[in-house]
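Here's a quick tour of the model you have open. Keep the 3D view handy and click along as you read.

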Amino acid sequence: MSDPAERPSWAVYPTHSGEPAEGGVLGRSERKVDGLSRITGAAQFTDDLVLPRMVHGKFVRSTLPHAWIVSIDMSAAMALPGVVGVAIGPELPKRYGVIPVAQDETAMAIGKVRYIGEPIACIAAVDEETAHRAARLVRVEYEPLTPIFTIEDALDPSKPHIHEASRKPSNILRRVFQEYGDVQKGFAEADLVVEDTYEYPGSTHVPLEAHVALACPEGHGKLVLWSSTQNPHYVHRDVAHVLGMREQDIRLIKPTVGAGYGGKCDPFCTDIVAAHLARKLGRPVKIALEREEVFYTHRGRHPARMWLKMGFKKDGSITAVDFKAWAEGGAYASYGVVTSYYLGVFMPLPYTLENYRFESHRLYTNKPPCGPKRGHGAIQPRLALEMHVDRAALALGLDPAAMRTANCIEPDTETCNGLKVTSVGMKECIAAVVEASGYAAKRGKLGPGKGIGLAASAYMCGALHPVYQNELSQSSVQLKVDRSGEVTLFSGTADCGQGSIHMLAALCAERLGIEPDDVRVIEGDTSLTPVDLGSYSSRVTFMAGNACVAAADKVRDKIARAAAVKLGVEVGALVFRGRQVYVDAAPERALTFVDAVWLAEEMFGPIGEVGGYKPHKIGSRFRRQSVGPSPAYSFTAQVAEVGVDVETGVVTIEKIWVAHDCGRAINRRVVEGQIEGCVYMGVGEALYEEQRYRGGLMAVPSLLEYKVPTVHETPEICTFIVETHDPNGPFGAKEAGEGPQLSTVPAIANALHDATGLWFTKPPFTPDVVLAALTTARRRAGSA
Amino acid sequence: MLPLPRFEYSAPNDVRDASRFLAEPGSQLIAGGTDLLVSMKQRLFEPRHLVSIRRLGLRGVTVQGGVVRIGAATTLAQVATNLTVREQFPALSDACLTVATPTIQSMATLGGNLMLDTRCLYYNQPAGWRASLGYCLKREGTVCHVAPKGRGCYATQSADTVPALWLYGAEVEFQSTRGVVLRKVSDMYRDDGMAWHGVGRDEVLVAVRLPLAEARVGHRKLRTRQAIDYAQVLVAVRAPVADGPWAAVISAVASSPLFVEAEDPTALAEAAFRASQPLSTHLPAATWRKRMVRVEVARAAAALGDGR
Amino acid sequence: MSEFESPAPELGPGRAPDGPAGDEVIVNIDVNGERVRRLCSASRTLLDFLREDLRLTGSKHGCDVGDCGACTVLVDGVPRLSCITLAVEVEGAVRTIEGCGPAEAPIIAAFDTHVASQCGYCTPGIILCLSHLYTETPCPDDTAIRRALGSNICRCTGYTKILAAARQVAAANGATHTDEPE
């Protein structure tokens with residue numbers, strides 16, 4: 001079998017503007033600059049850090065889903081030798097949350113618990129075993145309240161409010177309604193209307209590294225906080241806010257992070273309480289969550305009930321889409337306001353659509369809070385939309401691939417809801433997977449119990465508008481050039497494994513004609529690195545990458561001006577490549593990069609530059625469309641081939657072909673890895689993973705019972721990179737870390753239909769569910 | 001980090017010393033520890049004193065007088081790759097290779113597998129979780145969450161090697177200060193999730209004895225993932241010896257393995273299906289697990305051919 | 001049999017030789033070629049012994065109950081889950097990712113080349129598992145590679161690049177080992 005990395009691109013730069021890769025770094029398929037430190041265990045994760053006099057914090061957590069806290073008796077815990085301090089919720093009364101309009105969370109419960117597993121108190125002790133033992137000695141007396149566990153109950157105005165101060169009629173965090181075009185007219189013009197409901201399960205991220213925070217008091221009321229976070233900037237802001245400290249008195253450091261997938265986007269109780277206890281006790285405090293606690297901390301995929309109605313013309317074009325979604329969000333808002341928008345705003349991609357309406361609700365229930373998980377809010381509706389497209393194609397006698405291709409939006413268009421789309425590689429993606437998989441020849445012809453399915457999708461590259469209103473850079477990068485030729489790159493980004501450290505090193509190296517290894521990336525340290533909003537919404541390559549190129553351009557300019565004088569040519573005649581600066585027309589007239597740096601420092605003084613990025617204003621037709629618009633969009637198509645064991649209901653995925661338009665690939669191997677990771681996570685959501693509850697109790701808080709796929713369940717993944725050149729991306733790059741997950745589950749669902757003739761509308765497609773459906777269908781067929 | 005509770009520890013040199021330690025309340029034997037230490041972290045067991053088997057020398061496979069004797073401390077990986085086992089008892093080798101993960105197979109012991117505590121979705125959980133749900137009958141509580149109106153605890157026998165050992169006619173050797181006792185695998189287990197065996201607390205499982213015979217046994221384990229997971233349905237099927245019947249042992253559906261016999265594979269699968277009454281001790285629907293008993297027995301039988 | 005087979009547990013302070021060794025024990029083992037001797041709680045797991053007592057933090061807390069493989073170390077060359085191994089029970093020489101040498105160098109290089117490590121949290125455990133695989137079977141086929149990797153959860157890569165790296169090592173071993181593995 002050939003290594004996908006060795007295959008040529010399916011379509012190299014189909015809409016490429018032709019900007020050359022001057023530095024020779026861009027588009028290579030190579031190792032990451034920080035690869036070896038992670039592989040050899042040298043990388044320091046937060047839990048690997050130990051400080052003198054450090055103590056360990058352990059949370060006491062709620063055992064009821066909804067109750068008043070009558071009393072907390074910590075006397076037995078505090079009497080235990082080795083216990084050095086405690087903290088309870090009322091000590092940290094300030095509410096916080098990343099989304100300013102929905103700050104409803106406190107670090108620990110105050111007066112009331114709203115989900116099983118909610119932190120109530122924290123015990124600090126000299127070792128973890130003592131802290132754990134002490135936490136079990138705490139007695140909490142409750143007065144139970146009626147819990148809200150379902151969408152129906154959350155919508156019921158007669159039920160009690162989970163947030164008693166809420167003025168909403170029921171447990172609704174946010175309702176969004178948007179309508180574009182004339183939906184009624186659209187349906188009137190339709191030759192075919194397809195309507196059904198879908199249920200998407202909740203699932204959780206399962207980063208292998210749990211959430212960990214380590215706080216150390218410094219003199220003069222200052223504090224250093226190490227946190228395993230995706231978003232150092234938001235943690236920095238919220239910890240300062242809750243502790244009533246000045247932001248400049250807190251230094252927030254993000255060590256190496258053992259993945260997040262969206263699960264480390266919020267400021268967590270670990271961060272705030274570790275910081276609080278460190279100040280209270282005057283010594284370092286570490287809080288490392290147990291695996292079980294990570295499941296309660298959650299912020300994973302919202303379970304969503306969806307209703308979708310679509311109108312189609314005979315030729316497969318879409319006349320109207322009417323969509324409703326109810327997302328069950330758990331006890332706190334987290335990013336739920338954003339979720340309520342993301343459920344609807346991406347539906348007009350990637351197919352041409354004029355008449356569109358959606359209504360979404362994000363609800364509170366007495367369960368651990370949901371939040372952003374890879375493909376945030378857009379995963380659930382994509383299943384409904386892509387299954388509807390297949391249903392229409394079958395009903396209309398059209399080839400689902402051709403129908404999708406015919407309806408693809410074109411580059412440089414604006415969708416009905418005001419999304420300005422620049423580069424689009426959608427058709428190339430579809431063509432790549434359809435041809436490679438033999439989709440046309442296999443569809444409907446693989447025989448009983450075997451099937452093939454296709455789905456397409458689009459995703460964002462960062463949010464146009466920052467989470468909190470400001471006109472500042474969303475990403476910024478600082479470069480310092482040493483006389484040795486080493487370039488130090490300072491960035492507030494947070495690489496959680498996705499490769500953003502390498503991305504920054506590669507873009508900087510590309511611009512300066514040096515190697516990525518010549519660039520040392522210092523990231524995620526609020527005292528050293530300029531602000532970056534964080535690793536979410538697939539924004540880092542696009543935004544931090546642009547900031548990096550902006551800073552590198554300034555460095556290059558100074559070096560070029562000095563080199564031009566030395567070489568006696570115009571600046572425009574110079575090429576930066578291979579650690580040299582040389583005359584394009586006469587490569588033998590060259591300076592080493594180091595010599596050029598010396599000349600530049602002689603001319604300008606010490607070389608250090610900053611670059612920032614904020615998206616340019618996109619004049620949308622719709623002012624209210626503040627959540628959803630992105631400076632660019634990525635596109636994915638994938639084909640899944642599945643087998644169904646008709647005796648057991650076990651679904652096996654034979655192979656997945658995936659093609660992703662990531663704009664320009666910076667390091668092809670890293671891009672492939674992101675795509676493959678997305679597909680893997682999609683396979684988990686399609687067949688295995690579900691954040692199940694028994695009442696309000698998360699039923700399977702372990703890696704034994706929460707079934708993340710192992711190597712055995714992961715299909716062969718055949719990856720194609722489709723490169724477009726986005727006019728606004730750094731060297732044309734877009735994103736690869738989230739978009740490819742959107743179409744995995746619908747491709748599998750459509751393949752299941754091809755295999756069984758049944759539409760499975762409620763993942764995960766577990767054997768018991770599949771076999772029950774097959775049995776019912778066989779009975780019906782038998783009685784018909 | 002999920003810490004272990006504190007305990008005292010000994011590693012005696014002699015089985016009689018171990019037996020003497022174990023006679024004391026609060027003592028607990030530790031072999032590979034792959035299940036015990038997890039349960040201790042979850043506070044299902046909080047023994048005061050752990051007594052290790054590691055210096056008792058209970059390792060290795062020997063053949064003597066038509067009997068293969070496997071030391072209790074032999075790891076599952078060692079059992080699985082032992083040439084005699086692979087040739088004479090392939091279903092045992094297969095069963096060992098389905099336990100959890102290869103790394104666990106190289107830690108866990110055969111004796112430990114035979115003494116694997118019965119399992120349940122509501123029992124094998126961390127302490128805080130069980131407190132939230134309300135402790136169950138098997139540990140600290142008064143109600144069974146699987147069958148609140150039932151007669152007892154329904155935690156399932158889940159040891160992967162047991163069905164195959166049963167059908168190979170294995171015997172288990174226990175030693176204590178009172179001497180050596182032999183128990184047939186087929187007599188060892190009781191259909192009670194709490195008191196699931198009749199072994200005395202001071203008895204040390206020292207070896208498993210397998211008679212060399214011509215039994216042809218097939219093993220199948222149904223699970224969601226092909227690594228990590230415990231069985232949802234576990235079956236071993238024995239082809240007829242001489243003119244005898246087909247036989248099957250079904251496990252992971254009750255607190256003890258179930259034994260059924262029938263004239264042909266179809267009847268065997270049907271008998272196994274009828275005998276199995278799985279409850280919601282596992283994630284997948286119990287009705288589905290019951291149906292799977294029939295499928296798995298039929299497939300195991302089919303893999304053995306016509307049996308003649 | 002190694003020289004480390006079945007060492008007697010050293011007694012904790014003030015313990016009688018015929019009773020339990022106590023809740024404190026002396027762990028006396030070989031770690032990455034160095035002899036270490038520490039007094040610690042009998043309940044100390046090998047993982048915490050390595051991480052806390054010896055500051056070897058390349059082995060990770062993933063699930064702490066033996067499901068994920070992030071804590072995998074080698075004991076006499078055989079993978080063990082250090083989170084469910086008592087330090088006092090260790091018989092044999094322990095090797096952690098920090099003690100990797102020439103045997104693991106090709107695996108580490110292949111992981112680097114293929115970007116088979118994203119966040120890196122699972123990677124040390126996988127490297128050690130594969131080290132054992134190639135020692136037993138220098139040129140494993142795909143089935144053997146997958147079987148070995150079944151011990152370790154990677155949540156980032158979808159295993160594709162890990163498999164590619166593992167196959168590359170197997171192929172390279174095939175070029176140097178003329179003897180077909182059994």
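Two residues are in contact here when they have heavy atoms within 4.5 Å of each other. On that basis, residues 24 or more positions apart account for 61% of the contacts in chain B with a separation of 6 or more. Bear in mind that this is a predicted model. The points below start with chain B as a whole, then go through strands, a helix and some backbone oddities.

**Chain B overall**

- Chain B has 12 helices and 12 strands.
- Its radius of gyration is 19 Å, close to the 19 Å that the globule rule gives for 308 residues, so chain B is as compact as a globular protein of that length.
- If you lay the C-alpha trace of chain B along its principal axes, the spans come out at about 55 × 50 × 35 Å.
- Buried residues make up 63% of the 308 in chain B.
- The exposed surface of chain B comes to about 11000 Å², and 50% of that is supplied by carbon and sulfur atoms.
- Chain B carries 36 positive and 27 negative charges, and the mean positions of the two sets are 6 Å apart.

**Strand β26 of chain A and its partners**

- Go to strand β26 (residues 633-644) of chain A: 12 of its 12 residues are buried.
- Both faces of β26(A) are covered, with Tyr633(A), Phe635(A) and Val639(A) among the buried residues on one side, and Thr636(A), Gln638(A) and Val642(A) among those on the other.
- Glu641(A) is also one of the buried residues, on the side that includes Tyr633(A).
- Strand β18 (residues 450-460) of chain A pairs with β26(A) over 11 bridges, in the antiparallel sense.
- Strand β27 (residues 651-663) of chain A is joined to β26(A) by 10 bridges, and this pair runs antiparallel.
- Val642(A) is a handy landmark: it sits opposite Gly451(A), and in β27(A) its bridge partner is Ile653(A).
- β26(A) and β27(A) make a hairpin with 6 residues between them, and Gly649(A) in the turn has a positive phi of about 85°.

**A three-stranded sheet in chain A**

- Strands of chain A in the order β4-β2-β6 form an open sheet of 3 strands with antiparallel pairing.
- Its edge strands are β4 (112-113) and β6 (139-144), each of which pairs on one side only.
- Strand β2 (residues 67-73) of chain A is linked to β6(A) by 6 bridges, and Ile72(A) stands opposite Val140(A) in β6(A).

**A mostly covered helix**

- Helix α15 (residues 540-567) of chain A has 20 of its 28 residues buried.
- Right after α15(A) comes Gly568(A), which has a positive phi near 70°.

**Backbone oddities**

- The Leu349(A) to Pro350(A) peptide bond is cis, with omega near -5°; Pro350(A) is in the loop between α9 (336-345) and β15 (356-363) of chain A.
- Another cis bond goes from Pro763(A) to Pro764(A), again with omega near -5°, and Pro764(A) belongs to the loop between α18 (744-756) and α19 (767-783) of chain A.
- Asp412(A) isn't a glycine, yet its phi is positive, near 55°. You'll find Asp412(A) in the loop between α11 (400-407) and β16 (413-414) of chain A.
- Ile228(B), also not a glycine, has a positive phi of about 75° and lies in the loop between β9 (217-222) and β10 (233-238) of chain B.
- Which of these is buried or exposed? Asp412(A) is exposed, at 62% relative accessible area, whereas Ile228(B) counts as buried at 5%.

Technical notes
Residues are numbered from 1 along each chain as its sequence is written. Chains are lettered from A and ligands numbered from 1 in the order in which they are written. This is a predicted model: local features need pLDDT of at least 70, side-chain atom pairs count only at pLDDT 80 or more; totals for chains, interfaces and linings use all residues. Side-chain values use heavy atoms; hydrogens and water are left out. Helices (H or I, at least four residues) and strands (E, at least two) are DSSP runs, numbered from the N terminus. The radius of gyration is taken over C-alpha atoms; the globule rule is 2.2 Å times the number of residues to the power 0.38. Buried means under 20% relative accessible area, exposed over 50%, partly exposed in between (1.4 Å probe, protein chains only). Accessible areas come from the Shrake-Rupley method with a 1.4 Å probe; for residues, only the protein chains shown count as cover. Lys and Arg count as positive and Asp and Glu as negative; His and the chain ends are not counted. The place of a charge is taken as NZ of Lys, CZ of Arg, CG of Asp or CD of Glu. Two strands pair if DSSP finds at least two bridges between them.
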